[in-house]
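Colleague: I am new to this model and would love a close look at one part of it. Please start there and then show me how that part connects to the rest.

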Amino acid sequence: MIGWLRELYRRRDLFYMITWREIVIRYKQSVMGFLWAILMPLLIVGAGIVVRAAFAYVAGTKLVTSDLADVSVRSVPWAFFVAATRFATNSLIGNVSLVQKIYMPREIFPLAAVASNFVDFLVASAALTVFLAVVGTGVSVQLLWVPVLVLILVIFTIGLGTLLAAASLFFRDVKYLVEVFLTFAIFVTPVFFSADIFARFRTFLLLNPVSPVLEGLAQTIAHQQPPPMYWVGYSAAVSVAVLVTGLLVFKRLEPYFAESI
Amino acid sequence: MAAEITLAMRNVSKRFKKGEMYDSLRDLVPGLARRLLGKAPARESRDFWALRDVSFEITRGEAVGIVGNNGAGKSTILKILSGIMKPTSGTMTVAGRLSALIEVGAGFHPDLTGRENVYLNGAILGMSRAEVKRKFDEIVEFSGLTEFIDTPVKRYSSGMFARLGFSVAAHVDPDVLIVDEVLSVGDYVFQQKCAERMTQVVSAGATVVFVSHNLHAVSDLCTRTVWLHQGQVAGIGPTADVIRAYLDRAREGVKDGPTEDAYIADVKLKQRDGTETVAVEAGDTVTVEVLVRARQKCERLSVGVQVYDDSSYNVFNTSTERLGSGSFTVTPDQPFYTTFELQLHLGAGTYLLGVNLHRYDVQKQYDHRFPAATFFVKNQQDVRGAANLYPRVAAFGPATVRTPSVGAAK
């Protein structure tokens, strides 16, 4: 364990370079370049606002600015989760030649996939902050929860990403299953709506470890309310468990990577 | 031996599964079902041992070659040495920083510039960013791509790509360097540069493991060689001895037994002192010793020798008949020896020797051994081509025109 951490630390420059490569090649030769980091979440935010507007219309209420803040605060981290999971899943398959030809701690690939998407997330968050200021979202001490909630999301994403990266190396189906899963996950995650509208199924919705994070972010940023504590605790526990499981499985399978591709 | 052991392999075996691997879940489910129903073939029959019980030790500062036919387990041993694969049984220990050059330019991204790829590749090979930064100019200069360094590598030719890749790899300063035939990249000039660099690495005290088909390079670089045959160590020892044994075996594989009444029983390539050799200096004299045996009396036989370079170009050929020593008769109880003394004024490279047994008047070929021997020629001077004409150069003054002095160097 200590040896593993030490090796990972020793190869931190490799992690940095792979992350950097992921970011650079994504935007090289694209006209919009880094604007894509904002555009993707923007599309999700846009879709969310449309959904909210439809809900409001059906319910016969007005769409208020706090709704806009609410839905965008949920959409941006969700966009990060989806993109990071997708990239991490493909991170080993996409680096076949390296996995087969040169030794290195291979968890660097899913880690770098998550990290490069996190950079995009930070860019989008900056844009989001400007947007929130424009629509007049208030500031409160509850914002201190934000880093904690984001950390939980990152831990969960890394855990899931390493697990899926290793699994997709052995079974190519995993890649497609992940796509399907990520497409439909939005129905069991409170992205476009609040978990509360599910009434008695709220518990079911919150069992998804991403849900309490999104709920918490919406509560703390858009509504200046504390997050649902117990659920955040649950989400943190699940995320850490997934991370530990993911890394253990990954390291257990790693010796077979080169011969399984 | 008191010397420090840097790398040790102890009873290393590696098993692969032949046949189906479950690549997708769709295959896995019926596959498991078949196995449960007992219809799958027995596990053992699908096993394939790429390495069996391989043991050797390498001491600090030693350069060791690994040779063997295709499928002998060279690639597998390389992957185990570099840590990409784990052995099925046995252990491998390494002391110090290990770097493996299995593929040059691994991780190069076509959209990134040469400069960016140098940093990326350096990190992949285990260098820190500070280290790459320090060596950057040296790396670029070595590759000879200074003016293209800010061009995306997708615009590079494959040669340029390989040169940049090797340059980065050559500047990793490992304790143990594992090299796989990367010397064969680029043009002749660059290959020479690579070979020089490898020699430097060796003389700087690094331990080198060199896996190659190129026996010439192995005999140039390595003091000791391991010969792998069908996943097992078939020979280990001083390079010249192991290579000779390996070539002997290769020759046996080619020969399908004498079918004619007279045949070539043995061919030896000997140095002036009478010992067998595989590596010579340009200009050295060697003797080709041919032993001809017969099952029945055969008359008017002639022995021919040919020398081919590594691109199968016939550099030289002659025969006893053409040399005017006439033909000879061989009887079952009296084998016949022929010797050819050759002065090898050849360019550096690998050459193959062919020997044939022929009767001219009826145009009958009794036997043909090719390759009867393989040898490498080294040159002191940097001359290219098939022959060494021992040039000596004189500098001209600005106004006077003089004739260069004529004569062999040294």
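Looking at chain A, what percentage of the contacts with a separation of 6 or more is accounted for by residues 24 or more positions apart?

Modeller: Happy to walk you through it, and please keep in mind from the start that this is a predicted model. In chain A, 78% of the contacts with a separation of 6 or more are accounted for by residues 24 or more positions apart.

Here is the chain in which those contacts sit. Chain A has 12 helices and zero strands. Read from the N terminus on, its elements simply go α-α-α-α-α-α-α-α-α-α-α-α. The radius of gyration of chain A is 19 Å, and the globule rule gives 18 Å for 261 residues; the two are close, so the chain is as compact as a globular protein of that length. If you would like a sense of its extent, the C-alpha trace of chain A spans about 60 × 45 × 35 Å along its principal axes. Of the 261 residues in the chain, 45% are buried.

Now let us follow chain A to its partner. Where chains A and B touch, 22 residues come from chain A and 26 residues from chain B. On the side of chain A, helices α2 (12-27), α5 (96-101) and α12 (257-260) each supply at least two residues. The most comes from α2(A), which gives six residues to that side. Sorted by class, the side of chain A that touches chain B holds 11 nonpolar, four polar and seven charged residues.

Two of those chain A helices lead us straight to a helix of chain B. The buried residues of α3(B) pack against α2 and α5 of chain A, together with α4 (129-143) and α5 (158-170) of chain B. Helix α3 of chain B covers residues 114-124 and is mostly covered, with 10 of its 11 residues buried. Among the buried ones are Glu116(B), Val118(B), Tyr119(B), Leu120(B) and Ile124(B). Just past this helix, Gly126(B) takes a positive phi of about 100°.

Chain B is worth a wider tour as well. It is divided into domain 1 (5-244) and domain 2 (258-378). Six residues from domain 1 and six residues from domain 2 take part in the contact between them. On the domain 1 side of that contact, α7 (215-221) and α8 (239-254) of chain B each supply at least two residues. By class, this domain 1 side has three nonpolar, two polar and one charged residues.

Next, try strand β5 of chain B, residues 98-101. Both of its faces are covered: Leu98(B) and Ala100(B) are buried on one side, and Ser99(B) and Leu101(B) are buried on the other. β5(B) pairs in the parallel sense with strand β6 (residues 176-180) of chain B, over four bridges. Within that pairing, Leu101(B) stands opposite Val179(B).

For contrast, move along chain B to an antiparallel sheet. Three strands form this open sheet, in the order β10-β12-β16. Its edge strands are β10 (262-270) and β16 (336-343), each of which pairs on one side only. On average, neighbouring strands here are turned by 20° against each other, direction ignored. β12(B) is joined to β10(B) by eight bridges, and eight bridges also join β12(B), residues 285-294, to β16(B). You can pick out single pairs by eye: Val267(B) stands opposite Val290(B), Thr287(B) stands opposite Glu341(B), and Thr285(B) has Gln343(B) as its bridge partner.

In a regular strand the side chains alternate between the two faces of the sheet. Strand β12(B) has a covered face made of Val286(B), Val288(B), Val290(B), Val292(B) and Ala294(B). Its uncovered face carries Thr285(B), Thr287(B), Glu289(B), Leu291(B) and Arg293(B).

One last stop is Tyr390(B), in the segment after β18 (364-378) of chain B. Because 16 other C-beta atoms lie within 10 Å, Tyr390(B) is partly exposed. From Thr318(B) it is 72 residues apart in sequence and 23 Å apart in space, C-alpha to C-alpha.

Technical notes: Residues numbered from 1 in each chain as written. Chains lettered and ligands numbered in written order. Predicted model: local features only at pLDDT ≥ 70, side-chain atom pairs only at ≥ 80, totals over all residues. Buried ≥ 20, exposed ≤ 12 C-beta atoms within 10 Å, placed from the backbone. Pairing = 2+ DSSP bridges. Axes fitted to C-alpha atoms, helices over the stretch in contact; angles between N-to-C directions. Rg over C-alpha atoms; globule rule 2.2 N^0.38 Å. Contact = placed C-beta atoms within 7 Å. Domains from an automatic or database assignment. Nonpolar A, V, L, I, M, F, W, Y, C, P; charged D, E, K, R; others polar.
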